[in-house]
Amino acid sequence: MNARAPIAITPGDPAGIGPDIAVMLAQDVSAHPCVFVTDPQVLESRATQLGLPLKTEAYSCDEPVTAQAGVAYVVEIEAAIEPIAGEADARNGDYVIQTLNRATAGCLDGEFAALVTGPVNKAVINQTGRAFSGHTEYLAELTGGYPVMMLAARDFRVALATTHLPLKDVSSAITPALLGQVLDILNADLQSKFGIESPRILVCGLNPHAGEGGYLGREEIDVIEPALAQARSRGIDVVGPLPADTLFTPRHLDNADAVLAMFHDQGLPVLKFAGFGDAVNITLGLPIIRTSVDHGTAYDLAATGHADPGSLHAALEAAITMIQKRVA
């Protein structure tokens, strides 16, 4: 991997706050060269609405990208229609997908060192007739990887065994094979992408009180405990299954590198409460580095000047750190 290749940034839904935070990010000089995969007119229009200076430059892989405040290098993907800030429009759903396709292809062939994504509206993309459950799953389709979603707020990291599933489907989706694969990826990426030599991973139970010895469900006994025993036999340092209502306390977290939650709303509310606005969504298990913001499109904030670019800054910093760790 070329560590000095630029990082690709996709602002996401053009009607949401993605263009706002992209314009705000471009006001600073990044520690790593960046290019925005987007429609330059979307960025320029939003900069005007925000009253911020912005000059867009066409990106060429044959020319160096130099970090300059107020300058955005752009890989141009034309939006289907001019977006109206705050108004979701399915006609730009395919445009969002095209930006992801172009940025991901560039990461796979080494043109880009990493991908940082802004927020998208899943419903808007699904209205185009394309089944889209989220960035995580879509990028796995493009890259051939097995995705593991992890959010991080500084050194507090929460990974998910299952991601965007209805709650009624979670129990049947959790199998020893799935947990083994997720733990292998989580352990390997904590080592290779975060430089943690011997990661210690805490694992949540599925049921209240981790099943209370079988009285509140047997998934811990029949599925989770055997999977953890197998992981230990492969040299992975795992602890659990632990009750989720007491796992997220300093007594446990102070000695852990990551938590594996069984489902989306078991682990992420705690993580987002601890670090919302500064947290980063990271997709493990891919052959590329991908980070993202921890928030949605926030249409009500688009073009108002009240959007907070903190999570995008954090996502970019996380990508830079992961590039450095991978090269090292």
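**Close-up views of a predicted model**

**View 1. Strand β10 and its two partners.** Strand β7 (residues 156-160) and β10 run parallel, and 3 bridges join them. Keep in mind that this is a predicted model. To find one spot along this pairing, look for Leu-160, which stands opposite Ala-261 in β10. Strand β8 (residues 200-204) is joined to β10 by 3 bridges too, and those two strands also run parallel. Here a handy landmark is Val-203, whose bridge partner in β10 is Leu-260.

**View 2. The two faces of β10.** In a regular strand, side chains take turns pointing to one face of the sheet and then the other. So what sits on each side of strand β10 (residues 258-261)? Ala-258 and Leu-260 are on one side, with Val-259 and Ala-261 on the other. All four are buried, and both faces of the strand are covered.

**View 3. The whole sheet, strand by strand.** Step back a little and you'll find an open sheet of 12 strands with mixed pairing. Read across it and the order goes β3-β4-β2-β1-β5-β12-β11-β6-β7-β10-β8-β9. Which strands stand at the edges? They are β3 (55-58) and β9 (237-242); each has a single partner strand, so one side of each is left without a neighbour in the sheet. On average, neighbouring strands of this sheet are turned by 30° against each other, direction ignored.

**View 4. An antiparallel pair, β11 and β12.** Now zoom in on strand β11 (residues 280-284) and strand β12 (residues 290-293), which pair in the antiparallel sense over 3 bridges. Pick out Ile-282 and look across to β12: its bridge partner there is Thr-291.

**View 5. Helices on the sheet.** Helix α7 lies across several strands, namely β6 (148-153), β7, β8, β9, β10 and β11. Compared with β10, α7 runs at about 160°. Helix α8 packs on the sheet as well, touching β8 and β9, and its direction makes about 170° with that of β9.

**View 6. Where α7 meets α8.** Two packed helices are described by the angle and the distance between their axes. For helix α7 (residues 176-192) and helix α8 (residues 219-233), the axes come within 9 Å and cross at roughly 40°. That is why α7 and α8 count as oblique to each other. The crossing of α7 past α8 is right-handed. On the α7 side, the contact is made by Pro-176, Leu-179 and Leu-183, while α8 brings in Val-223, Ile-224, Ala-227, Leu-228 and Ala-231. Sorted by class, the contact has 8 nonpolar residues, no polar and no charged ones.

**View 7. Where α1 meets α2.** Here's another helix pair: helix α1 (residues 18-25) and helix α2 (residues 40-50), with axes that come within 9 Å and cross at roughly 80°. The two helices are therefore roughly perpendicular to each other. From α1, the contact uses Pro-19, Asp-20, Ala-22 and Val-23; from α2, it uses Val-42, Leu-43, Arg-46, Ala-47 and Leu-50. This contact has 7 nonpolar, no polar and 2 charged residues.

**View 8. Asn-207 in its loop.** Our last stop is Asn-207, which lies in the loop between β8 and α8. Is Asn-207 buried or exposed? Buried means under 20% relative accessible area. Asn-207 has 16% relative accessibility, so Asn-207 counts as buried. Leaving aside neighbours within four places in sequence, Asn-207 is in contact with Leu-216, Gly-217, Arg-218, Glu-219 and Glu-220.

Note on methods
Residues are numbered from 1 along each chain as its sequence is written. This is a predicted model: local features need pLDDT of at least 70, side-chain atom pairs count only at pLDDT 80 or more; totals for chains, interfaces and linings use all residues. Side-chain values use heavy atoms; hydrogens and water are left out. Buried means under 20% relative accessible area, exposed over 50%, partly exposed in between (1.4 Å probe, protein chains only). Two strands pair if DSSP finds at least two bridges between them. Axes are lines fitted to C-alpha atoms, for helices over the stretch in contact, and angles run from 0 to 180 degrees between N-to-C directions. Angles under 35 degrees count as roughly parallel, over 145 as roughly antiparallel, 65 to 115 as roughly perpendicular and the rest as oblique. Contact means heavy atoms within 4.5 Å. Ala, Val, Leu, Ile, Met, Phe, Trp, Tyr, Cys and Pro count as nonpolar, Asp, Glu, Lys and Arg as charged, and the others, Gly among them, as polar. A crossing is left-handed if the near helix is turned anticlockwise from the far one by less than a right angle, and right-handed if clockwise.
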